[in-house]
Amino acid sequence: MASETHVDKHALHQLVVTYLSAEEVALVEKAYLVAEKMHDGQTRKSGEPYIMHPTEVAMILAGLEADGATVAAGLLHDVLEDCHIGADELQAQFGPEVTRLVEGVTKLGKISFSSKEERQAENFRRMFLAMGKDIRVILLKLCDRLHNMRTLTHMKEEKQHEIARETLEIFAPLAHRLGLGKIKWELEDWCMRYLHPEEYYKLVQLVAQKRGEREELIRSLVGTLQEELTRLEIPCKLSGRPKHFYSIYQKMVQQNKDFSDLYDITAVRVLVDSLKECYETLGVVHALWKPIPGRFKDYIAMPKSNLYQSLHTAVIGPEGHPVEIQIRTHEMHRVAEYGIAAHWRYKEGGKALSQADRKLTWLRQLLDWQNDLKDAQEYLTTVKEDLFADEVFVFSPRGDVIDLPRGATPVDFAYRIHTDIGHRCVGGKINGRIVPIETHLQNGDIVEIITSKNAHPSLDWIKFVATTSAKNRIRQWYKKERREENIIRGRESLEREMGRTGLEQMLKSDKALEVAQKFNCHNVDDMLAAIGYGELGTMQVLNRLRPEPQAALPPEVAKEPKKGHRGRDKNGILVDGSDSMLMNLAKCCSPVPGEPIRGTVTRGRGITVHSSECPNLAAVEPGRLVDAEWARNAQASTATYPVEIEIELIDRVGLLKDISAKIADIKTNIRAAKIRTLRDKSAQVNLVVDIADVAHLQKVLHTVSRMSDVIRAYRVTKLKGPGSRPTRP
């Protein structure tokens, strides 16, 4: 194995000396020696020396002509996590630039997360934050992932599927957004190989069988075009480019076609010297073969958001077969292959931001969403939707090109320009004509937004806007308009768990501000408001505020039953002074194991057990109150108790289905459901759910509260007597 390592080291040296300065080459060689020493004795799942992995990552980076600091960071990207070396020591040897890149790509430490989705979301939050500071971090991450995909065969099948799915959903689209075509295609093909192995190997066979016929078709077309361009004295380089397997597979699935029905699985690429020659070549192509209507795209005049430029056209070629032809300059081709890496040579420690970096508006959107989206699953969904979105390109009145997902409206455009413009939008003009704000934008539209100082968003907008960012801005505005009310609600919710005195002291401490910031809240009031409208759970915040994790049950609940004359019912309730007396649970507050309880002596019905916080206890004569508590084994039983919860949320189609799915995900049964639509476009959902204990109830409320359309969720307690009504927390 040692000889293989040296071969790789030699190959890396041969690659970097072709484009790096002597100083940068020395930095890379130093990084290799340190990495080799740090990983000495470590092996991969395949049994190879671990140094093979960072060396291969560095080779991929060098193939993209990344700068010396990035290649060095590729060699060192695992040393902080896997070796006994700290960031300070790394900085002393390699300086702040390399250290920052290594820290940016280092995986998460041992942090406790409530779910796999939360861990994955936090991974991506950190990755995108690091990207915002230095885009080279994502180049490192993509190259690391590419080599992992190349060596995935040594992992268990379940792990292969998990990594391949994450790669297909996040990393391949990221490579596309950065214009890294070569990396994107290879990642997608590896993913297909592990996620759809039968289809992959069948496709490999089919492509190989048709190769001769396809190559003959392309040879005929290329020969004719080469002859005509030479006659017109247009220097060019022509080649046939077979589409990668995943692209062919997608086309077969989307168009519901067999492989034999696909003729344009190979594209002809024409590289010329100048922009003028691109359009001249296009004229020649259309003169030689009949163009297919609707298949011409000018990505030179309207570049993609990942800076890709090319002319695409499809023609009826020899023997009546459709053929796709791509025409671009050599520089455009370099950008198409290497994306952002081709545009930015990373001078001055990554601070020399070029026009390329400034155009990556989607990255800024990802960073903005980190402040808006607390729900891990929603954040991941938002990222995936944005990375996969088909785009339309429209113009502002000043001529700036804005890219938006297909189906976007003037409201999406307004929020893309600025949040305040979105909030104050009252109308829009497309190409100088006033249109309804739900009108879909088309490529090339000139869009102007009409605003008013007194305007505010409407909940109806959520039904037609296409961008997740616009939807979230509208929801956030709706929630924050009730800020003061929500702060009071959040404070009361915490008080019920801790008591007023202890809470006030805790909220004034430095730790409270630190916890608020961890939840992406600017201050303690923001955190209280988030609890009030259900974006944060009460226990979720308390567990962070407390110096040490506390037991879920209050001490008086968990302690052993007191000695003395106590009765016990089938629910595991111990009541003072009872002797096989009939007991039942109060329907007004539906107590559950784990919360403090009290009994009331009733005529003809024995003892009724209430939650200690039930407002109906205030009307009971003191002489009829008896102490009660749950037996220690009450929570260990499999019994469940019906509890009514009420959910206030923004009305939309399918909301009951989504709520039911969320509750089913945490293995909770719904006994009854009732929904009521209110005049202000909001809705009220009442559910009766089977609850095992107070921790289970908190989990249900927390899960529902984190849904983006939910304003708040709470347990219902019904007041007895005339005018009976539910009470809200």
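Biologist: In this predicted model, which residues does F395 touch, leaving aside those up to four places away in sequence?

Modeller: A contact list is read for partners that lie elsewhere in the chain. F395 touches M302, D400, V401, F413, G444, D445, I446 and V447. One of these, G444, is 49 residues from F395 in sequence, while the two C-alpha atoms are 6.6 Å apart. F395 itself belongs to strand β7, residues 391-395.

Biologist: How is F395 classed by its relative accessibility?

Modeller: Buried means under 20% relative accessible area, and exposed means over 50%. F395 has 22%, so this residue counts as partly exposed.

Biologist: What is the order of the strands in the open sheet, and in what sense do they pair?

Modeller: The order is read from one edge to the other. Here three strands run β10-β9-β11, with antiparallel pairing. Because β10 (433-435) and β11 (447-451) each have a single partner strand, they stand at the edges, and one side of each lacks a neighbour in the sheet. From one strand to the next, the twist averages 35°. Strand β9, residues 425-430, is joined to β10 by three bridges; K429 has I434 of β10 as its bridge partner.

Biologist: Which helix lies across these strands?

Modeller: Helix α19, residues 410-417, lies across β9, β10 and β11, at about 80° to β11.

Biologist: How many residues of α21 are buried?

Modeller: Of its 13 residues, 10 are buried, so-called mostly covered; among them are I474, R475 and Y478. As a check on its geometry, helix α21 (residues 468-480) should span 18 Å at 1.5 Å a residue, and its end C-alpha atoms are 18 Å apart, which agrees.

Note on methods. Residues numbered from 1 in each chain as written. Predicted model: local features only at pLDDT ≥ 70, side-chain atom pairs only at ≥ 80, totals over all residues. Heavy atoms only, no water. Helix = DSSP H or I, 4+ residues; strand = E, 2+ residues; numbered from the N terminus. Expected span 1.5 Å × (residues − 1). Buried < 20%, exposed > 50% of the residue type's maximum accessible area, 1.4 Å probe, protein only. Contact = heavy atoms within 4.5 Å. Pairing = 2+ DSSP bridges. Axes fitted to C-alpha atoms, helices over the stretch in contact; angles between N-to-C directions.
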